Amino acid sequence: MGISSAIINQLFGNYNSLIFERERLLFSAGENNPRIKMINDQLDILKNDMFKSLKNYQSELLVSLEKSKVLYQQYLEKFNKLPLYEKFIRSIERQQSIKEALYILLLQKREEAAINVAVTGPSIKVVDYASSNSTAISPKKDLIYLGSLIIGLLIPFLFVFVKNFLDNKIHNKQELLRIVRDIPIVSEVPFIGDDLKVMLDNDRSVLAESFRILRTNIGYLLPIKIDKQAPVLFVTSTIKGEGKTFTSINLGMAFATLGKKVLVIGADLRNPQFHNYTDMDKNHIGLSNYLYDISIDWRSLKVAGKFDSPDLDLIFSGIIPPNPAELLSNGRLELLLDEAKKSTTI
């Protein structure tokens, strides 16, 4: 039947053999013969096995058919792309033929040019070939190295010389002593970098130690008061931004840490700076209000507890007046100082 399965063919062969044997036995025996019944049972078993084998074989054929269809679709897609591939190959072949023809043409031209050169005699003849030294004539490397070394040494020295020549600042105590010999220098305060730095009660920083040294030296220079009144220290400078407020507050803290009553008065009526060291307003009532208003008591202007000492009091500059020079010379500032010296201990 064209079935390629050996198992099914063998089952069919066995089935036909039993059929032939049963037909042969029926000539001499009846249907109830035990041998014929046994052959009928075997035929039924073989028939069931054949149907099962045929179904399995059919399933295998269906699976093979599906795989064949998938392969058919794949190869069909490849076959459909063959014209595109052929077109691409044709394009490459055309480019190859064009370049090959061009290359052959160039080779022919080169051969023709070589033949023309060989046939034609040269019109120029080299009498003597040029000669040169192993070293370059220009640039002179030695001179460039020497000049670079001189310039490299000269520029730093020139920079340092010009910087020192144009430097008109005083950097340390020794430079100041060479300029002013008859004025004593009490102490040096280092530059910390924090513009609003204020020393504390038990501060052990470099800034605090420098102001303690300043306090000690000022105490040595102050004259001994017979009436036990506190002296007045006047902190001033030529221009703004040189540290008057900074020095005044920290020097007052240095004296206050010894238990002395200290009053710091902001007398800079043009550019007051006390508010930068506290949380008070710049126009807080202060010295200018006291100078032009005779009804104000200077004791009501004192501000305490702004720093790490209960013995340090502040009097702010007050509102900036239009005539600060006239206010400072009206006599009320001397009255304030005279009364304050009696209530403080520095």
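**Close-up views of a predicted model**

**View 1. Lysine 228, out in the open.** At 70% relative accessibility, lysine 228 counts as exposed, since anything over 50% goes in that class. You'll find lysine 228 in the loop that links α5 (206–221) to α6. For a sense of distance, take glycine 252, which is 24 residues away along the chain: its C-alpha and that of lysine 228 are 19 Å apart. Keep in mind for this view and the others that the model is predicted.

**View 2. The three-stranded sheet.** Here we're looking at an open sheet with mixed pairing, its three strands in the order β1-β3-β2. β1 (262–265) and β2 (303–304) sit at the edges with a single partner strand each, so each has one side without a neighbour in the sheet. Strands of a sheet pair through backbone hydrogen bonds, and they can do this in a parallel or an antiparallel way. Both senses turn up in this view. β1 and β3 (residues 312–315) run parallel and are joined by four bridges, with valine 262 standing opposite leucine 312 of β3. On the other side of the pairing pattern, β2 and β3 are antiparallel and share two bridges. Alanine 304 has aspartate 313 in β3 as its bridge partner.

**View 3. What lies on the two faces of β3.** Which residues of β3 are buried on one side, and which on the other? Leu312 and Leu314 are buried on one face, while Asp313 and Ile315 are buried on the other, so both faces of the strand count as covered. What about the pairing that goes with this strand? β1 joins β3 over four parallel bridges. Helix α6 (residues 244–256) packs on the sheet and touches both β1 and β3. The direction of α6 makes about 175° with that of β1.

**View 4. Threonine 278, tucked into a loop.** Is threonine 278 buried or exposed? It is buried, because its relative accessible area is 15%, below the 20% limit. Threonine 278 belongs to the loop between β1 and α7 (287–292). Its side chain has a polar atom 3.4 Å from the backbone oxygen of phenylalanine 274. A polar atom of that threonine 278 side chain also lies 3.4 Å from the backbone nitrogen of methionine 280. Setting aside residues up to four places away in sequence, threonine 278 touches Lys306, Phe307, Leu314 and Phe316. One of these, Leu314, is also among the buried residues of β3.

**View 5. Helix α2, end to end.** α2 (residues 34–119) is an 86-residue helix. From first C-alpha to last it reaches 118 Å, close to the 128 Å expected at 1.5 Å a residue. Where does the helix kink? There is a kink of about 35° at leucine 82, shortly before proline 83. The buried residues of α2 are Ile36, Ile39, Leu43, Leu46, Met50, Ser53 and Tyr57. An α-helix makes a turn every 3.6 residues, so residues three or four places apart point the same way. Part of what covers the buried residues of α2 is α1 (6–26).

**View 6. Leucine 26 in α1.** Leucine 26 is a residue of helix α1. It is partly exposed, because its relative accessibility is 27%. Outside its neighbours within four places in sequence, leucine 26 is in contact with Glu31 and Ile36. Ile36 is also one of the buried residues of α2. Leucine 336 is 310 residues away along the chain from leucine 26, and their C-alpha atoms are separated by 158 Å.

**View 7. Helix α3, hardly covered.** Helix α3 (residues 141–166) has 26 residues. How many of them are buried? The count is zero. First C-alpha to last, α3 reaches 37 Å, close to the expected 38 Å.

Notes: Residues are numbered from 1 along each chain as its sequence is written. This is a predicted model: local features need pLDDT of at least 70, side-chain atom pairs count only at pLDDT 80 or more; totals for chains, interfaces and linings use all residues. Side-chain values use heavy atoms; hydrogens and water are left out. Two strands pair if DSSP finds at least two bridges between them. Contact means heavy atoms within 4.5 Å. Axes are lines fitted to C-alpha atoms, for helices over the stretch in contact, and angles run from 0 to 180 degrees between N-to-C directions. Buried means under 20% relative accessible area, exposed over 50%, partly exposed in between (1.4 Å probe, protein chains only). The expected span of a helix is 1.5 Å times one less than its number of residues. The bend at a residue is the angle between axes fitted to the seven residues ending there and the seven starting there. A polar contact is a pair of N or O atoms within 3.5 Å; within protein, one must be able to donate a hydrogen and the other to accept it, and residues adjacent in sequence count only if both atoms are side-chain atoms.
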